[in-house]
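Please examine the structure shown below. The paragraphs that follow consider one helix and its surroundings, and then several points of backbone geometry.

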Amino acid sequence: MTTLHDPAVTASADALSVWPASAAEPRPGELTVGGVPLAEVADRFGTPAYVLDEGEVRERCRTYRHAFPEADVLYAAKAFLCRAMAHWVAEEGLGLDVCSAGELELAVTTGFPPERIVLHGNAKSPRDLEIALRLGVGRVVIDSPSEIARLAAAVGPDGHQKVMVRVVPGISAGGHDKIRTGTEDQKFGLSIRDGYAQHAIARILDQPQLRLTGLHCHLGSQITGVKPYIAAVRRMVGLMARLHERHGLALPELDLGGGHGIAYRPGEPALDLTALARKVRAELAEACTAAGLAVPRLVIEPGRAVVGPAGVALYRALAVKRTGPHTYVAVDGGMGDNPRPALYGVRYAPRLVGRHSTAAPARVTVVGRHCEAGDILADDVELPGDIRPGDLLAVPAAGAYHLSMASGYNLVGRPPVVAVNDGRARLLVRRESLEDIRSRDVGV
């Protein structure tokens, strides 16, 4: 058995830095995750396919519980949710953050405790609220003034529902303009600066059916630095202090949302979870002491940081086309199963698996099969110069916002999800078939 002192092993470890911790290359060209060869997964379940390392998901849940032992850690279901994922999260002691009746019902009917679930959404439908109340959701995060009266009426005169208020702290953070949600003038939350948050809180206090337990904020997604969270703590505690002065409120909870960034390619930064926990804890204690407030219970909502690095996407190359100075490798998936490159300009690092190539690397662009010029999965990346149709490509850091954002574009069915763990592979979500698509079409 080789050791980490072997330069070849070290180089391989560096190359696998954004892959699940279980990823290994037992032989040149062969890559395993969870003890299962990825080529074997492709042969058995077809491509495109998502592979999810159960051990990695569970270990990341435990890492959060260890880093924030005094906090409520809620997994953000929008990143990826299926029945198995709900089971893993529940068994590892996390709560759940959902954004729709669909996510909520799937979790609860799987056995997830509803009191450990928080419902978000800037435009919750009457059905969302009705199902949340019927199932006994733990918290509803109020996102607009009109929601207050609607929720109170749905609760009824004799009922009670715990709520939080989503506040806009006026902090810009995140990996792209489209995923920055802590700034003014966007659809989420109620602004501190213009007084909407304070006005909404006053209205909630006039509704005896609604019990305000705390404040909520979410700065954005793919944040790799701690400073924005520290700034958010200061502004949120400042608002809590003003509410205490005006209303005598001593709110017991403070939810800082999620958005914890991961590395998609070797060398990219990721949020330092240990530093985040230490500095947020210290800042919260200091700010509350200065304001004369009891320290509220912290709530955080990681999604991508739990499941993103645990996932791998598998594709089969269908065509290789050289046009002028560019080489395009077209695969059997694309923006239908991963719209993130087209939406946010996300860059991935695909890798040839299933065969060993000694060819010199070449710069190529990996494109999808869909009828859009913007259907690009990985632009200007290195792959072996002899890449050819039939080759298998694997894309790391593919666990979050792939299947959850997948579409039915060109009536191409969504890929399956395959869990790997301890040398075994099993199907979690089957491939969407043409019959599935036909069955929804009830017209003549």
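**Helix H9 and selected backbone features**

In this predicted model, helix H9 covers residues 227–247; at 1.5 Å a residue, its 21 residues should span 30 Å, and the end C-alpha atoms are 30 Å apart, which agrees. The buried residues of H9 begin with Pro228, Tyr229 and Ile230, continue through Ala232, Val233, Met236 and Val237, and conclude with Leu239, Met240 and Leu243. These buried residues pack against two helices, H8 (196–205) and H10 (273–291), and against strands E8 (161–168), E10 (210–216) and E11 (253–255). Just after H9, glycine 248 adopts a positive phi of about 75°.

The loop between E10 and H9 contains glutamine 222. Although glutamine 222 is not a glycine, its phi is positive, at about 60°. Is this residue buried or exposed? Glutamine 222 has a relative accessible area of 16% and is therefore buried, the cut-off being under 20%.

A positive phi also occurs at aspartate 380, a residue other than glycine, where the value is near 55°. Aspartate 380 belongs to strand E17, which comprises residues 376–384. Its relative accessible area is 37%, so aspartate 380 is classed as partly exposed; that class lies between the 20% limit for buried residues and the 50% limit for exposed ones.

A further backbone feature concerns a peptide bond. Threonine 47 and proline 48 are joined in the cis configuration, with omega of about -5°. Proline 48 lies in the loop between helix H2 (38–45) and strand E3 (49–53).

Key
Residues are numbered from 1 along each chain as its sequence is written. This is a predicted model: local features need pLDDT of at least 70, side-chain atom pairs count only at pLDDT 80 or more; totals for chains, interfaces and linings use all residues. Side-chain values use heavy atoms; hydrogens and water are left out. Helices (H or I, at least four residues) and strands (E, at least two) are DSSP runs, numbered from the N terminus. The expected span of a helix is 1.5 Å times one less than its number of residues. Buried means under 20% relative accessible area, exposed over 50%, partly exposed in between (1.4 Å probe, protein chains only). Contact means heavy atoms within 4.5 Å.
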